[in-house]
Amino acid sequence: MCMAVPSRVVSIDGQMAVVEAFGQTRQTSLMMLDEPVAVGDYLILGAGGNFAAEKVSEETALAAIDYLSQVLEDGLA
């Protein structure tokens, strides 16, 4: 099973952003997005995490993060 984890933008430098998810940071390209991105926005990264694939609402991101946190805590059924 593959799950996309929403990642919060912590900094932006041109077309590159540093994003954070579950305490881990990584750099990702913003070149494939059609809409502007700001620090604090949430992104879904493409396979490998090299490119942001989609911007999602904070509500959607936090619900997904909460669910994934529960799965990690309880284990997969």
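**Exercise 1.** How many helices and strands does the secondary structure of the protein come to?

*Solution.* Before counting, note that this is a predicted model, in which local features need pLDDT of at least 70, side-chain atom pairs count only at pLDDT 80 or more, and totals for chains, interfaces and linings use all residues. Residues are numbered from 1 along each chain as its sequence is written, and side-chain values use heavy atoms, leaving out hydrogens and water.

Step 1: take the DSSP runs, with helices as H or I of at least four residues and strands as E of at least two, numbered from the N terminus. The result is one helix and five strands.

Step 2: read them from the N terminus, which gives β-β-β-β-β-α.

Step 3: check the overall dimensions. The radius of gyration, taken over C-alpha atoms, is 12 Å, close to the 11 Å of the globule rule for 77 residues, so the protein is as compact as a globular protein of that length. That rule is 2.2 Å times the number of residues to the power 0.38.

**Exercise 2.** Find where Met32 lies, and decide: is Met32 buried or exposed?

*Solution.* Step 1: go to the loop between strand S3 (24–29) and strand S4 (42–45), where Met32 sits.

Step 2: apply the cut-offs for relative accessible area (buried under 20%, exposed over 50%, partly exposed in between; 1.4 Å probe, protein chains only). At 57%, Met32 is exposed.

**Exercise 3.** What share of the 77 residues is buried?

*Solution.* With the cut-off from Exercise 2, buried residues make up 29% of the 77. To round off the picture, the C-alpha trace spans about 40 × 25 × 20 Å along its principal axes.
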